[in-house]
Amino acid sequence: MDTKTFLNTVLAGRGFFCSFSAKGVKAKDGKKQTFLETVDELIDYTQQLSDSGWDTYFALGRFPDKSSREADASPWIRSLFMDVD
């Protein structure tokens, strides 16, 4: 399965995507949080940062605005998560 198909399957169909990136082990080395409108933008943006040495992540929820990536700010989640020990 390619990245675009995967993301379109696991992420909700509305709202903004959120990417979080960190570089280095210390907070001063850099952190970036960016909200994006399309899955193509999310893929391109995170790939560019990853290629530049950043650790990149994406939120599994989608957000109605660009103010916060906290769980309470994400009303749209398509996936079910389970922690099995």
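**Group meeting: a strand, a sheet and two cores**

Let me start with one residue: setting aside residues up to four places away in sequence, S21 touches G30, K31, K32, L49, W54, D55 and T56. Contact here means heavy atoms within 4.5 Å.

Before I go on, the basis. This is a predicted model, in which local features need pLDDT of at least 70 and side-chain atom pairs count only at pLDDT 80 or more, while totals for chains, interfaces and linings use all residues. Residues are numbered from 1 along each chain as its sequence is written, and side-chain values use heavy atoms, with hydrogens and water left out.

Back to S21. Is S21 buried or exposed? S21 counts as buried, because its relative accessibility is 0%; buried is under 20% relative accessible area, exposed is over 50%, and partly exposed is in between (1.4 Å probe, protein chains only). S21 sits in strand β1. Helices (H or I, at least four residues) and strands (E, at least two) are DSSP runs, numbered from the N terminus. That strand is largely enclosed by the rest of the structure, because five of its six residues are buried.

What encloses β1, then? Part of the answer is a sheet. Three strands make up an open sheet, ordered β2-β1-β3, with antiparallel pairing. Two strands pair if DSSP finds at least two bridges between them. On the edges are β2, residues 31–36, and β3, residues 55–58, each pairing on one side only. From one strand to the next, the twist averages 20°.

Now the two pairings in turn. On one side, β1 and β2 are antiparallel over six bridges, and A22 has K31 as its bridge partner in β2. On the other side, β1, residues 17–22, pairs with β3 over four bridges, also in the antiparallel sense. There, S21 stands opposite T56 of β3. Both K31 and T56 are also in the contact list of S21 that I opened with.

Next, the helix on this sheet. Which strands does helix α2 lie across? Helix α2, residues 39–51, lies across β1, β2 and β3, and runs at about 5° to β1. For angles, axes are lines fitted to C-alpha atoms, for helices over the stretch in contact, and the range is 0 to 180 degrees between N-to-C directions.

One residue to look at in α2 is T46. T46 is buried because its relative accessible area is 15%. Leaving out residues up to four places away in sequence, T46 touches S19, T56 and Y57. So T56 turns up again: T46 touches T56, and T56 is also where S21 finds its opposite number in β3.

On to the nonpolar cores, meaning sets of buried Ala, Val, Leu, Ile, Met, Phe, Trp, Tyr and Cys residues joined through side-chain atoms within 4.5 Å. The largest has seven residues: L7, V10, L11, F17, L36, V39 and L42. Two elements give two or more residues to this core, namely α1, residues 3–10, and α2. A second, separate core has five residues, among them F16, C18, F35 and A59. Within the largest core, take V39: apart from its neighbours within four places in sequence, V39 is in contact with K4, L7, N8 and F17.

One more residue, L60, in the loop between β3 and β4, where β4 is residues 61–62. L60 counts as partly exposed, because its relative accessibility is 34%. Beyond its neighbours within four places in sequence, L60 is in contact with V10, L11, I77 and F81. Of these, V10 and L11 are members of the largest nonpolar core. For a distance to check on screen, the C-alpha atoms of L60 and K31 are 18 Å apart, and the two residues are separated by 29 places along the chain.

Last, the chain as a whole. It has two helices and five strands, and along the sequence these follow the pattern α-β-β-α-β-β-β. The C-alpha trace spans about 35 × 35 × 30 Å along its principal axes. There are 85 residues, of which 28% count as buried. How many of the contacts between residues at least 6 apart in sequence join residues at least 24 apart? In this chain, the share is 56%.
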